[in-house]
Amino acid sequence: MSPADDPSEDLEVRRTVLDEHDELRRQLDQIDACLAQAAAGHGQGFVEARQRFHAMLVFFLGHLDHEEALLTPLLSGCEAWGPVRLEQLLLEHAAQRLEVAELAALDTETSANDWAVRMKQFGISLRIDMAGEEYDFIHPNALPRHPGPAPLR
Ligand SMILES: [Fe+2]
């Protein structure tokens with residue numbers, strides 16, 4: 001089997017993206033926990049939520065770049081509407097980059113409550129987007145060299 005036919009390469013991409021999504025979910029959970037503390041009247045919870053958001057932002061932007069680097073060659077060569085799916089991924093990432101930039105800018109320009117609500121909305125939206133990516137782009141049945149049916153995880 002030549003390297004170009006090796007489905008393990010696609011599965012490695014899949015594993016990498018899933019691992020990064022898991023890390024993002026873990027960081028979103030931490031931010032949610034801080035916001036819950038803030039809502040309960042613990043002022044430090046909000047400060048910590050914003051600190052954790054900025055840490056998550058660095059990881060998230062790196063993830064978008066990494067995901068594009070991994071999936072562009074994979075989807076470009078995929079017969080099952082790969083280029084169309086790649087275009088969708090890039091559009092989705094562009095919208096996410098804009099959304100986090102707006103969220104980061106809100107830090108000093110709006111009230112803590114406004115930021116908290118936007119942050120919660122972003123977290124929900126990001127979780128939905130990641131679930132969609134896992135189904136549309138890296139599910140084994142969606143990969144160009146897929147090794148056959150497999151569970152989602
Ligand atoms: Fe992603």
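Below, a biologist asks a modeller about the terms used for this predicted model.

Biologist: What should I know about the numbering and the cut-offs in this predicted model?

Modeller: Residues are numbered from 1 along each chain as its sequence is written. The model is predicted, and local features need pLDDT of at least 70, side-chain atom pairs count only at pLDDT 80 or more, and totals for chains, interfaces and linings use all residues.

Biologist: What is the mean pLDDT of the protein chain?

Modeller: pLDDT is the predictor's confidence in each residue, from 0 to 100. The protein chain has a mean of 86, and 86% of its residues reach 70 or more. Among the elements, H2 has the highest mean, 93, and H3 the lowest, 88.

Biologist: What makes the pattern of the protein chain α-α-α-α?

Modeller: Helices (H or I, at least four residues) and strands (E, at least two) are DSSP runs, numbered from the N terminus. The protein chain has 4 helices and 0 strands, and reading along the sequence gives α-α-α-α.

Biologist: How do you know that the span of H4 agrees with the expected one?

Modeller: The expected span of a helix is 1.5 Å times one less than its number of residues. H4 has 25 residues and should therefore span 36 Å; its end C-alpha atoms are 35 Å apart, which agrees. Helix H2 (residues 43-76), with 34 residues, reaches 48 Å from first C-alpha to last, close to the 50 Å expected.

Biologist: Where does H2 bend, and by about how much?

Modeller: The bend at a residue is the angle between axes fitted to the seven residues ending there and the seven starting there. For H2 this is about 25° at Leu70, and Pro73 follows within four residues.

Biologist: Why is Ala38 called buried and Ala94 exposed?

Modeller: A residue is buried if 20 or more other C-beta atoms lie within 10 Å of its own, exposed if 12 or fewer, and partly exposed in between, with C-beta atoms placed from the backbone. Ala38, in helix H1, has 20 such atoms, so Ala38 is buried. Ala94, in helix H3 (residues 82-109), has 11 and therefore counts as exposed. Buried residues make up 21% of the 153 residues in the protein chain.

Biologist: Which residues are in contact with Ala38, leaving aside its neighbours within four places in sequence?

Modeller: Two residues are in contact if their C-beta atoms, placed from the backbone, lie within 7 Å. Ala38 meets this with Gly45, Phe46, Ala49 and Ala116.

Biologist: What makes a set of residues a nonpolar core?

Modeller: The members are buried Ala, Val, Leu, Ile, Met, Phe, Trp, Tyr and Cys residues joined through C-beta atoms within 7 Å. The largest such core has 13 residues, of which Ile31, Leu35, Ala49 and Met119 touch the most other members. Helix H1 (7-39), H2 and helix H4 (112-136) each supply at least two residues of this core, and H1 gives the most, with 5. Met119 touches Ile31, Leu35, Ala49, Phe53 and Leu103, not counting residues up to four places away in sequence. A second, separate core of 10 residues includes Leu71, Leu89, Ile138 and Ala142.
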